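Visitor: I'm new to this structure. Could you take me on a close look at the place where the ligand sits?

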Amino acid sequence: MTSLLERSASSAFAQSFGQAPSFLASAPSRVELLGNHTDYNGGLVLAAAIDRLTVVAGRPVEGQEGHAWSLNFAQADRFDLATLADNMGEPGSWSRYVKGVAWALQESLGRFSGGFEAAIAGDVPLGAGLSSSASLQASLALFLLTAGLAGEGKTWNLDDAARMDLAKVLKRSENEYVGVQSGLLDQFSVLFGRAKHALSLDCRNLAFERLPLGDPAPAIVVCDSKTSRRLADGMYNERHSECEQVVAYFRNLRGAGEVRWLRDVSLDDLESHWDRLDAKPRLRARHVLTENERVRRGAEFLKRGELAAFGRLMSASHASSRDDFENSSPALNALIESAESAPGFLGGKLSGAGWAGCTVNLVASAEADNFAEAVRREYANRTETVPEIHICHASDGASGHHLEA
Ligand code: GLA
């Protein structure tokens, strides 16, 4: 069955390029359930892919040009696939992400066998902490791989090992082409998602697990504060370097072999050296290290089906973001406070980088509509802004397929 989004992408393709697409690919977005800013610190993450998607409809063409049309931005971009490193375009723009994927795939698999035309449609709220960017990256990559452009016509069997390789390629694209020093969380989540499951990832050794969320699985309710930011804005990289300051301190003490990541420092270490560390960096480090603990305990709770206990950890994570990592905002705090008394609430926190955008809440599935209504009312009372609320569910990872003629 084709979805509404697939139909929009296909008809946008037909309108822009004058024929029907031959391949369709799609990728979910993601929420981070626990493990905030732990990924680039070699830490632990618990996430879920959710059913807000990006869809790419396209076809391979002769030559070496990429030509993409974004339905959401009503913009086109056309570029030479051989000179991507010299023509990156505007930082943070959708087309920089598109070109970055083509660049990173070619860097790792060699020059594409031809060009492509693609139309992109999506229903992931943009700049809201749900990683619309990783969703865009993964859907485009799946299109390029399924269409046989990358890897000299190789047929891709995207098992977990190939998905992990692809996640790393897409991370490289974001780090080196887009210029955001993000970790692996987003790309991993949108590629490894599974319906009714959460995903745990150890970012130090890349061990992962898919953990059942139960049946019926709770709803994952995303509340959009209607405030937005862009990852490239600078705060993200600033936090990254504050964490690195603490790593550098312990590395000096113990040597690079012992301390590669913040993860290699224990909470006890941090406490014993507290007075010798700078005021902001030590708070950032405390957030990251207590988050790792919450992920560890959260995974155990999920394995035992203890969702209420899991939800309480999410709320503790939000408090730690608010107080120690300082990546929350008055709007995000008001949104979490509005959720606390709403029916079915199990726990909630800000989602992704923070500072603006969305909160993610775990909600008993039968109460999801009532929850949404109560939060809408309470947040509007407090802030005079009506939040946008998305009732989502854990969903499968990115995939692509050939369309019959
Ligand atoms: C953003 C980044 C992720 C991760 C989160 C915070 O979403 O893209 O890699 O660092 O922030 O946990």
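**Around the ligand**

Guide: Sure, let's start with the neighbours: the ligand has 15 residues around it, and those that come nearest are Glu-32, His-37, Asp-39, Asp-186 and Tyr-236. A residue makes that list of neighbours if one of its heavy atoms lies within 4 Å of the molecule. Before going on, keep in mind that this is a predicted model, where local features need pLDDT of at least 70, side-chain atom pairs count only at pLDDT 80 or more, and totals for chains, interfaces and linings use all residues. Residues are numbered from 1 along each chain as its sequence is written, and side-chain values use heavy atoms, with hydrogens and water left out.

Now for the polar contacts, meaning pairs of N or O atoms within 3.5 Å (within protein, one must be able to donate a hydrogen and the other to accept it, and residues adjacent in sequence count only if both atoms are side-chain atoms). The side chain of Glu-32 has an N or O atom 2.5 Å from a ligand oxygen. For Asp-39, a side-chain N or O atom is 2.6 Å from an oxygen of the ligand, and the side chain of Tyr-236 also places an N or O atom 2.6 Å from a ligand oxygen.

How much of the ligand does the protein cover? On its own the ligand has 310 Å² of accessible area, and the protein covers 98% of that; such areas come from the Shrake-Rupley method with a 1.4 Å probe, and for residues only the protein chains shown count as cover.

The ligand takes up the space of the largest pocket. A pocket here is an open set of points, on a 1 Å grid over the protein atoms alone, with protein on both sides within 12 Å along at least five of seven lines. A molecule sits in one if more than half of its atoms lie within 2 Å of its grid points.

Which elements build the shell? Two or more residues each come from β1 (23–34) and α5 (185–192). Both names follow DSSP runs numbered from the N terminus: helices are H or I with at least four residues, strands are E with at least two.

As for its make-up, the shell has 5 nonpolar, 6 polar and 4 charged residues. In that count, Ala, Val, Leu, Ile, Met, Phe, Trp, Tyr, Cys and Pro are nonpolar, Asp, Glu, Lys and Arg are charged, and the others, Gly among them, are polar.

Away from the ligand, look at the loop between β7 (208–212) and β8 (219–224), where Pro-216 lies. A cis peptide bond, with omega about 0°, joins Asp-215 to Pro-216.

Key:
1 Å grid on protein atoms, 1.4 Å probe; cavity = no way out; pocket = protein on both sides within 12 Å on 5 of 7 lines; lining within 4 Å.
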